[in-house]
Amino acid sequence: MANERILVVDDEVNARRAIVTILKEEGFEVREAADGVEALGLLADFAPAAVLTDVRMPRMDGLTLMRRAREAGSDATFVVMTAFASVEAAVEVMRAGAESYLTKPLDMNAVLVVLGKALETRQLKSETRQLRERVAERFRVGNIIGDAPELQGVYALIQQAAPTRATVLILGESGTGKELVAQALHEFSPRKERPFVKVHCAALSEGLLESELFGHERGSFTGAVARKEGRFELADGGTLFLDEIGEVSLAVQVKLLRVLQSREFERVGGTQTLKVDVRIVAATHRDLQAEVKAGRFREDLYYRLNVVAVTLPPLRRRKGDIPALVNHFLERCNTTYGKEVKGLAPGTLQALMSHDWPGNIRELENAVERAVVLARGEELTADDLPPVLRGPRPSPESSERLIPGASLAAIEREAILRTLDMVQGSTTRAAEVLGISVRKIQYKLKEYAGGGSGPEAGALGED
C-alpha cells in the first residue's frame, strides 16, 4: 500500500508530526492538518486515500470532518483516533462511517496494521465496483440480463439497429422479454428523449384499437364526446411499440400498412390527414409467416414490419442464465418486500434448473417473488418454491460428503453449482474461478437440467 496518500489530522503538534514521520518512512505520501477546517480545505486538492484523524479538535471535530468530507464527495477511508476508549465512543465512530478506530496513546505498529487493512478494504471495494461496472457494460443492454454467448448476438442487433429508424419485429414466446428489447431499442436511439409509447394490441377490440392507435373526432361514434389524440400522435418523434401485432384484424392491418408506407393517417371520423415521424417496433408470439400463409396476416405488412428481426429463445433453451436472473429478481423483491434473502439453499438452484418454464422469464419472476414472500430465513429453500418446482434436495452436509467416494461427475456438478451461487449467477465469473470456458458451464447447466446436448440462446430480464 506504499505510495498511497494519507492525510493526518490532529491538533497535538508533536503527536501529529511523529505519525507523519513514520508514515513517510513507510513510503506513504503524507499531508497534515491541525483541525477539521484545515483538513477539509486539503481534501479536494490532495485527494487522500485515507484520513487518520483525531476526534476532539478545535473549530471542527473528526466526526464532523468525516460527514463534511462525504458531503463533498470524498471517497477517502477514515481511521479515527480517540483517547476515549469506551464502547459508546467506538459505536459512535463506526456509525459515523469510519473504517476503524485507534485508541491513544498510539502504538505505531497498530497504526500501520489498521491503516493497511483500511486501505486494502478500500481497494477491494473499488475493484468490486469496477468489476460490476464492466460486467454491467458487457452483459446488460437496458434492463436485459444474461451472459449466454447467444445473447451477445441480440445485444449486437440492438446496438446496430437502435441508431436507425428501421422497423424492428421482435419474435418469441410470451414472457421472453420482448418489451425490454423494444425499450432498449428506444433508449439507445437518437429518439431516447422523445416518447416511448406502448400499445397491447391483443387487449383491445378492433374498434377500440383503431381509436387507440389513430385517435378519433368528437361524435365519430357513441361515447366519443371529445376529440382524442391517438398513440401515433402521442409517439411523434419517438417510438411506438405494438405488442402482439399478430392479433390485429385485417381491417386495422390495412391502416397500419398505410402509416408505415407514408407516415400519414386520419383520425376515426375525421378528414384531416396527419403526418407523424414515428419509429415502429412490433412484437408477437405468433409465427407470422404461418399466419400469412393462412390468410390471417397481410404479406405486405409482414415485410414492412420485418426489416430487422430479433428472435428471443424460450427460457428452457437458455437455462444457463437462470442463476443471474434469480439473483436479479431476489434483489428487487428484497427491496419491494423489505426482506433480506441472500441466496439459495442447497437443492433450490437444482429445482429451478430442472423446470421447463413454459411461462418463461415471467414465470421465473413469479416463482422467485412467491419464494421471497414466504421465505423464513436468509436462503430460499425448495419448500418456498411453487409446488410444481419442488423435488428431492440434498441435505446441507451432502456436499461435504462428496469426497471420498463420489464420482468425478458429481464433484464437478457440485463445484459448478456452488461456484455459481458464490458469484451470484454469472457464468462468466464462474468460468474464471473454475478455469474453464463459459460454453462448458452453459453445456453442463443444460445437461443438469436435462435440456439437451449444448448451450442455447441467451437470457432476458422480464417481459
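**A parallel five-stranded sheet and its surroundings**

The protein exposes about 22,700 Å², of which carbon and sulfur atoms supply 49%; accessible areas come from the Shrake-Rupley method with a 1.4 Å probe, and for residues only the protein chains shown count as cover. The model is predicted, so local features need pLDDT of at least 70 and side-chain atom pairs count only at pLDDT 80 or more, while totals for chains, interfaces and linings use all residues. Residues are numbered from 1 along each chain as its sequence is written, and side-chain values use heavy atoms, with hydrogens and water left out.

Of the 463 residues in the protein, 46% are buried, that is, under 20% relative accessible area, against over 50% for exposed and in between for partly exposed. The protein has 18 helices and 18 strands, which are DSSP runs numbered from the N terminus (helices H or I, at least four residues; strands E, at least two). Among contacts (heavy atoms within 4.5 Å) between residues at least 6 apart in sequence, 69% join residues at least 24 apart.

One open sheet has five strands in the order β9-β12-β15-β8-β16, with parallel pairing; two strands pair if DSSP finds at least two bridges between them. Strands β9 (196-200) and β16 (308-312) stand at the edges with a single partner strand each, so one side of each is left without a neighbour in the sheet. Neighbouring strands are turned by 15° against each other on average, direction ignored. The axes behind such angles are lines fitted to C-alpha atoms, for helices over the stretch in contact, and angles run from 0 to 180 degrees between N-to-C directions.

Strand β12 is largely enclosed by the rest of the structure, because five of its five residues are buried. From β12, T239, F241 and D243 point one way and L240 and L242 the other way. Its parallel pairing with β9 extends over five bridges, and K198 has F241 as its bridge partner in β12. With β15, strand β12 pairs in the parallel sense over four bridges; here T239 has R279 as its bridge partner.

Strand β15 (residues 279-284) also pairs with β8 (residues 168-172), in the parallel sense and over four bridges, where L171 stands opposite T284. Helix α7 (residues 178-187) lies across β8, β9, β12, β15 and β16, and runs at about 155° to β8.

On the surface, Y337 of helix α13 (residues 322-337) counts as partly exposed, at 38% relative accessibility.

Notes. Buried means under 20% relative accessible area, exposed over 50%, partly exposed in between (1.4 Å probe, protein chains only).
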